[in-house]
Amino acid sequence: MPAIEVIIKAADDGSRGDCPFCQKVLMLLELKGLEYTTKNIDLQNKPEWFLKMYEKGSTPVMVYDGEVVPDSDLIVKVIEERHPVPVRAADEEAINLAPTMLRSMIAFFKNTDESQDESLKEAFVAELKLINDFLEAAGTPFLGGEDCNVADCALAPKLYISSIILGDRKGFVFPAELATLAAYNERIFSHPAFKATDYPQDQVIRSWNRKFPASS
């Protein structure tokens, strides 16, 4: 078995932090059944050894048998190429589903102009509807079919974070008419690969409130 270490964002207490891109990689490793270790780093005070390893200083970074592989998309590609079984690759439509969801969520979350809140919420809900409609058409429990694939690994952390921070700051709940998406959320958030790599809700709230204060 290869030696795999994934360098990820640390929470304020040093535990695993709330990073959807880090969780995407960790979920895929769980789904592949690969053994790995993690190293949590404070992104506000990046250690010198990490910046020497990867000058850009963003996470995740995977060290695979001594080879440094940055960027979650590249890491996923390397994992899939070197460990094609079990198959967890996704088609382009699923991978590119709701491409602006994260950007729409952030815009809605950090907005302090109440006159813009409704339009920003609508833009975010439109992205959620794309996911709901895809799942309805597919008729499968996950984007990957009967079980998760890399598309689920990419999407689930964003849905999880969105539900927490928008609920806390905006009182937002996922619309009732997106019932297929609601059922998907229940399934994916309880999936072993997700539960093995997630982070507490209060930590997510603290992290996002610190990054985007409500008064900013």
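Which residue of β3 is the bridge partner of I7? In this predicted model, the bridge partner of I7 in β3 is V61. The pair belongs to the association of β1, which spans residues 4-9, with β3; these two strands pair in the antiparallel sense over four bridges. V61 is also engaged with β4, where its bridge partner is P70. The pairing of β3 with β4 is likewise antiparallel and comprises four bridges. Two residues lie between the strands in the hairpin of β3 and β4, and in this hairpin D65 adopts a positive phi near 50 degrees.

The sheet as a whole is open and consists of four strands in the order β2-β1-β3-β4, with mixed pairing. The edges are occupied by β2 (37-41) and β4, each of which has a single partner strand, so one side of each is left without a neighbour in the sheet. On average, neighbouring strands of this sheet are turned by 20 degrees against each other, direction ignored. Strand β3 is covered on both faces: V61 and V63 are buried on one side, and M62 and Y64 are buried on the other.

Helix α3 lies across β3 and β4 and runs at about 125 degrees to β4. At the start of α3, a side-chain oxygen of D71 comes to within 3.1 Å of the backbone nitrogen of D73. The helix covers residues 72-82, of which S72, I75, V76, V78, I79 and E80 are buried. In an α-helix, residues three or four places apart point the same way, because there are 3.6 residues a turn. The packing partners of the buried residues of α3 are α1 (20-32), β3 (61-64), β4 (67-70) and α7 (150-170).

The arrangement of α3 relative to α1 can be described further. The axes of α1 and α3 are 9 Å apart, and the two helices pack at an angle of about 10 degrees. Angles under 35 degrees count as roughly parallel, and α1 and α3 are therefore roughly parallel to each other. From α1, the contact is made by F21, K24, V25, L28, L29 and K32; from α3, it is made by S72, D73, I75, V76, I79 and E80. By class, the residues of the contact of α1 with α3 comprise seven nonpolar, one polar and four charged. Among the α3 residues in this contact are S72, I75, V76, I79 and E80, which are also buried.

A second helix pair is formed by α6 (residues 114-138) and α8 (residues 179-189), whose axes come within 8 Å and cross at roughly 85 degrees. Helices α6 and α8 are therefore roughly perpendicular to each other. The contact involves L128, I131, N132, L135 and E136 of α6, together with A179, T180, L181 and Y184 of α8. Six nonpolar, two polar and one charged residue make up the contact of α6 with α8.

Helix α8 also contains N185. The relative accessibility of N185 is 8%, and N185 therefore counts as buried, the cut-off being under 20%. When neighbours within four places in sequence are left aside, N185 is in contact with L159 and F174.

Notes: Residues are numbered from 1 along each chain as its sequence is written. This is a predicted model: local features need pLDDT of at least 70, side-chain atom pairs count only at pLDDT 80 or more; totals for chains, interfaces and linings use all residues. Side-chain values use heavy atoms; hydrogens and water are left out. Buried means under 20% relative accessible area, exposed over 50%, partly exposed in between (1.4 Å probe, protein chains only). Contact means heavy atoms within 4.5 Å. A polar contact is a pair of N or O atoms within 3.5 Å; within protein, one must be able to donate a hydrogen and the other to accept it, and residues adjacent in sequence count only if both atoms are side-chain atoms. Two strands pair if DSSP finds at least two bridges between them. Axes are lines fitted to C-alpha atoms, for helices over the stretch in contact, and angles run from 0 to 180 degrees between N-to-C directions. Angles under 35 degrees count as roughly parallel, over 145 as roughly antiparallel, 65 to 115 as roughly perpendicular and the rest as oblique. Ala, Val, Leu, Ile, Met, Phe, Trp, Tyr, Cys and Pro count as nonpolar, Asp, Glu, Lys and Arg as charged, and the others, Gly among them, as polar.
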